[in-house]
Amino acid sequence: MLTTFPRQTALLALAGFSLLSSASPGLAHATFENAQAAQDSTYKAVIRIPHGCDGQPTQTVRVTIPEGVIAVKPMPKAGWTLQTTRKSYDRPYTLHGREVKDGVSEIVWSGGQLGDDHYDEFTFQARMTDRLPAQQNVHIPVVQECATARVSWTEIPAAGQDPHALKFPAPGIRIIAANQQVAQHQHHHGGPAAPATQTGQVIRAGDLEITAPWSRATPGGAKVAGGFMRITNRGQSADRLVGGSAEISGVFEVHEMRMDGNVMRMRALEKGLEIKPGETVELKPGSYHVMFIDLKKPLRVGDTVKGTLVFEKAGTVEITYTVQSMSSGGHGHGQHKH
Ligand SMILES: [Cu+2]
């Protein structure tokens with residue numbers, strides 16, 4: 001909300017501001033240039049500041065970083081002093097094979113002079129973790145401070161509430177699941193729509209449901225790639241992913257990644273990957289995955305890769321992976337040593 005230090009001015013300012021925001025609702029709020037980010041991706045946050053505090057120039061911009069948004073690096077800005085505050089995260093995160101326990105909790109750009117009739121952008125980079133729920137918005141409170149007034153974009157909508165109903169909404173970013181990134185991206189640019197089977201594809205085999213298999217584009221010369229999906233066991237007894245094949249590789253293995261001291265390593269699961277009854281196992285970067293070894297050709301975004309999975313009970317299942325961008329869903333396979 002907008003607060004001004006002398007009380008009468010506050011009321012006047014509030015009235016004036018309400019008129020402004022109802023006149024041009026889309027332009028009046030502080031917002032992010034790109035209001036969508038995938039889980040487990042690096043996001044460039046560009047905060048757009050459309051006006052000052054009731055006519056006064058903005059001198060300070062404060063940004064509060066919520067839990068789940070980590071590895072924050074603000075971009076310095078000419079004419080502004082940049083300061084950050086750090087905090088310990090609620091729980092540690094794993095990023096590029098390292099444990100990350102703390103990071104930036106507040107960014108402050110101060111000492112600037114952004115006129116009420118001018119517009120400017122404030123930028124930071126962050127890792128959006130998978131602790132931010134998909135299909136929901138994460139809200140990042142932003143406060144503008146002027147000589148004697150301030151605008152607090154800090155209102156967070158309650159569950160189910162339309163953020164447009166708020167006068168001073170905290171800018172929001174829609175979080176999408178890592179495996180939807182490419183489809184969303186194509187949609188955004190009006191490119192060819194992904195076939196319906198590629199996003200949210202569910203394959204049923206006996207008691208198992210296999211959802212949205214995907215792989216990742218490979219950097220030039222890479223001889224390995226990972227395959228990812230979710231496997232849910234709707235049955236009464238455990239099953240086990242014990243092997244499979246892929247048309248583009250000579251060797252197929254079921255792997256897990258885990259920390260070995262400070263180093264992330266992967267290894268083949270000799271006994272396969274168990275899927276207990278009623279459980280969903282997520283194969284994802286940095287965790288369980290299937291591995292295509294001795295690739296016959298590089299994988300490019302938008303390719304599809306046919307293959308099979310072999311389960312102890314459900315038997316052989318044909319699946320198709322959609323190839324997504326190299327930056328999808330975490331760090332590249334190529335960076336890790338077997
Ligand atoms: Cu692997």
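What is the mean pLDDT of the chain, and what share of its residues reach 70 or more? The mean is 81, and 82% of the residues get to 70 or more; pLDDT is the predictor's confidence in each residue, from 0 to 100.

Two stretches have a pLDDT below 50, and the table lists their contacts beyond near neighbours in sequence (C-beta atoms, placed from the backbone, within 7 Å).

| Stretch | pLDDT | Contacts beyond near neighbours |
|---|---|---|
| Residues 4–27 | below 50 | 20 contacts |
| Residues 330–338 | below 50 | 15 contacts |

Where pLDDT is low, the predicted coordinates should not be read in detail.

This is a predicted model, in which local features need pLDDT of at least 70 and side-chain atom pairs count only at pLDDT 80 or more, while totals for chains, interfaces and linings use all residues. Residues are numbered from 1 along each chain as its sequence is written.

Now to the fold. The chain holds 3 helices and 24 strands, taken as DSSP runs numbered from the N terminus (helices H or I, at least four residues; strands E, at least two). Of its 338 residues, 35% are buried, meaning that 20 or more other C-beta atoms, placed from the backbone, lie within 10 Å of their own. Among contacts with a separation of 6 or more, 69% link residues 24 or more positions apart.

One open sheet has 3 strands in the order 3-13-10, with mixed pairing; strands pair if DSSP finds at least two bridges between them. Strand 3 (36–38) and strand 10 (136–139) are the edge strands, each pairing on one side only. Strand 3 runs parallel to strand 13 (residues 172–176), joined by 3 bridges. Ala-37 has Ile-175 in strand 13 as its bridge partner.

Note on methods:
Buried ≥ 20, exposed ≤ 12 C-beta atoms within 10 Å, placed from the backbone.
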